[in-house]
There are 2 protein chains.
Amino acid sequence: MKRSERLVAMTNYLVESPWALVSLPFFSRKFDAAKSSISEDLAIINNMFQEEGIGYLKSVAGAAGGVKYIPLYSVENSESFIGKLCEQLEDPNRLLPGGYLFMSDILGEPKTVKTIGRMFATAFSELNIDVVMTVATKGIPLAYAVAACLNVPVVIVRRDPKITEGSTVSINYVSGSSRKIQTMVLPKRSLQEGSNVCIIDDFMKAGGTINGMVNLLAEFNANVSGIGVLSEAEDEEEERVVEDYTSLVKITNVDIIKKQIEVHKGTFFQGQTHSN
Amino acid sequence: MKRSERLVAMTNYLVESPWALVSLPFFSRKFDAAKSSISEDLAIINNMFQEEGIGYLKSVAGAAGGVKYIPLYSVENSESFIGKLCEQLEDPNRLLPGGYLFMSDILGEPKTVKTIGRMFATAFSELNIDVVMTVATKGIPLAYAVAACLNVPVVIVRRDPKITEGSTVSINYVSGSSRKIQTMVLPKRSLQEGSNVCIIDDFMKAGGTINGMVNLLAEFNANVSGIGVLSEAEDEEEERVVEDYTSLVKITNVDIIKKQIEVHKGTFFQGQTHSN
């Protein structure tokens, strides 16, 4: 196989297997090429990935070593993506009764969802995440997008236990927006003790739902390693119960009468030091 | 930029943008290369994609022409993937009360979900799908995986209207498994008249839920172009109300007392003629 052909196959392989350790001998056998040639190929791929702002190849030394593709989204790409998203969200036609924003169309675009996932995966790339957790329904596609980049599984918290979940652990929590006591359940076999969990959701006001997930994780003796929400909005009536989180956009000054909304960049961009 | 570098960047670009028409002049400008060189690059990429069984580059002739990456999953890859999935599902520990199977762990793996999506996208690749539709909750990751391959949006049917959806259209339907009358809602602004819709869900017994989605689509004057379910099971008490569908696996002979299940390949493999 020629180098040109090998580069196409290797690029695809790496892009499809983020965070997976790939040994040089594996590529060497797969493409029937000398290890020195494979090394050169990987250097070319690493350079181009960095140039395109989509991540880099991490070398792992030693006998069991190799490379891992770490997908990242550059600060430049993130700024431009979120800038456009803010504009889209400021469209007054999105305003719904109660000051909510219609976002289902945006969350329905696989490419947008993928980019959002990539941004969170960048923010959490150093945290050794084992599992991504979300609550049904709107957070699900975002959680899968993050998990795909980090190459870890997703667990989904539900508000109603279903027979197909098997036995579950449930907790009660107070929802910030409705002030009602609600229930959350998670299948017993879905989480191992000591897992490092990243919580993902589409929206946070006071943070009651996120806080519920934090309490649920305590029941499983799992660690909250990171919290990511696509959009946050202030709750005038209630103080926020979640402190350490990453948001991509911040919704402020919703004025239903004047039909105006302001959407700004979220905490993701505060003290942004992600390299690449 | 050297050919080797260009091939890495072009491969990544195409893999990230399935079904999107990319013109030769676009690549030519982006990589500052002659159109003839770009043509040669595309031929190399096309060959390798076909060799790896992940699809092909479709040429679109004419002034507004270019190439589109059509992701496919080869029959060989599909057989091997589904073979392993059947084995996993036949594990008696998955048996739940009522003869249901625990599948949340499998549906929680982004890579597995992606492959399932790719298989459905292969089955429906000639159908000019405009939108992928599913019902909350378990079908959501599968629907996004299909939609990502087809480069179309997802719309999610819910069982309970939420304020963040805006105004909705609702229908009542009879669920096969529980025999209860249930409601389904879809935001009014989520579907255009005449859209070609592909329905995706994780599980089908009698097909009441799928049939509900078919009826909901009729309210929107949209077309049901394809129906895909990950797993189907027979319902001893009720006849199936959905006829034309693609399933990946078929669950039969569930014996709770003997703790046995049989899982076979689904209708996807009947008269399989997908090229590639």
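Two strands pair if DSSP finds at least two bridges between them. The structure treated in these exercises is a predicted model.

**Exercise 1. The hairpin of β1(A) and β2(A)**

Determine how strands β1 and β2 of chain A pair, and describe the turn that joins them.

Solution.
Step 1. Locate the strands: β1 of chain A comprises residues 55–60, and β2 of chain A comprises residues 66–71.
Step 2. Apply the pairing criterion, which asks for at least two bridges. Six bridges link β1(A) and β2(A), and the sense is antiparallel.
Step 3. Identify a pair of facing residues: A:L57 lies opposite A:Y69 of β2(A).
Step 4. Examine the turn. Five residues lie between the two strands of this hairpin, and A:G62 in the turn has a positive phi of about 100°.

**Exercise 2. The domains of chain A**

State which domains are assigned to chain A and how many residues of each are in contact with the other.

Solution.
Step 1. According to the domain assignment, domain 1 of chain A covers 3–70 and domain 2 covers 75–265.
Step 2. The C-alpha centres of these two domains of chain A are 33 Å apart.
Step 3. The contact between them involves seven residues of domain 1 of chain A and seven residues of domain 2 of chain A.

**Exercise 3. The six-stranded sheet of chain A**

Establish the strand order of the open sheet in chain A, its edge strands, and the helices that pack on it.

Solution.
Step 1. The six strands follow the order β6-β5-β9-β10-β11-β12 in chain A, and their pairing is mixed.
Step 2. The edges are formed by β6 (154–157) and β12 (260–265) of chain A, each of which pairs on one side only.
Step 3. Between neighbouring strands of this sheet the average turn is 25°, direction ignored.
Step 4. Take one pair in detail: β5 (residues 131–135) and β9 (residues 196–204) of chain A run parallel and are joined by three bridges. Within this pair, A:V132 faces A:C198 of β9(A).
Step 5. Add the helices. Helix α4 (residues 75–89) of chain A touches β10 (223–233), β11 (246–255) and β12 of chain A, with a direction at about 170° to that of β12(A). Helix α8 (residues 208–219) of chain A touches β5, β6, β9 and β10 of chain A, and its direction makes about 165° with that of β9(A).

**Exercise 4. The six-stranded sheet of chain B**

Describe the open sheet of chain B, two of its strand pairs, and the packing of helices α6(B) and α7(B) on it.

Solution.
Step 1. In chain B the order is β4-β3-β7-β8-β9-β10, again with mixed pairing.
Step 2. The edge strands of this sheet are β4 (154–157) and β10 of chain B. The twist from one strand to the next averages 25°.
Step 3. Strand β3 (residues 131–135) of chain B pairs with β4(B) in the parallel sense through four bridges. Here B:M133 has B:V155 as its bridge partner in β4(B).
Step 4. Helix α6(B) packs on the sheet against β7 (196–204), β8 (223–233) and β9 of chain B, at about 120° to the direction of β9(B). Helix α7 (residues 139–150) of chain B touches β3, β4, β7 and β8 of chain B, and its direction makes about 140° with that of β7(B).
Step 5. Strands β9 (residues 246–255) and β10 (residues 260–265) of chain B run antiparallel and share five bridges. B:K250 is partnered by B:H264 in β10(B). The hairpin of β9(B) and β10(B) has four residues between its strands, and B:K259 in the turn has a positive phi of about 55°.

**Exercise 5. Two helix packings**

Classify the packing of α1(A) with α3(B), and that of α4(B) with α6(B).

Solution.
Step 1. Helix α1 (residues 3–16) of chain A packs with helix α3 (residues 35–52) of chain B at about 55°, their axes being 9 Å apart. The two helices are therefore oblique to each other, and the crossing is right-handed.
Step 2. On the α1(A) side the contact residues are A:S4, A:E5, A:V8 and A:A9; on the α3(B) side they are B:I44, B:I45, B:M48, B:F49 and B:E52. By class, this contact of α1(A) with α3(B) has six nonpolar, one polar and two charged residues.
Step 3. Helix α4 (residues 75–89) and helix α6 (residues 110–123) of chain B pack at about 135°, with axes 11 Å apart. These helices are therefore oblique as well, and their crossing is left-handed.
Step 4. From α4(B) come B:S78, B:F81 and B:I82, and from α6(B) come B:T112, B:T115, B:I116 and B:M119. The contact of α4(B) with α6(B) divides into four nonpolar, three polar and no charged residues.

Key
Residues are numbered from 1 along each chain as its sequence is written. Chains are lettered from A and ligands numbered from 1 in the order in which they are written. This is a predicted model: local features need pLDDT of at least 70, side-chain atom pairs count only at pLDDT 80 or more; totals for chains, interfaces and linings use all residues. Side-chain values use heavy atoms; hydrogens and water are left out. Axes are lines fitted to C-alpha atoms, for helices over the stretch in contact, and angles run from 0 to 180 degrees between N-to-C directions. Angles under 35 degrees count as roughly parallel, over 145 as roughly antiparallel, 65 to 115 as roughly perpendicular and the rest as oblique. A crossing is left-handed if the near helix is turned anticlockwise from the far one by less than a right angle, and right-handed if clockwise. Contact means heavy atoms within 4.5 Å. Ala, Val, Leu, Ile, Met, Phe, Trp, Tyr, Cys and Pro count as nonpolar, Asp, Glu, Lys and Arg as charged, and the others, Gly among them, as polar. Domain bounds come from an automatic or database domain assignment.
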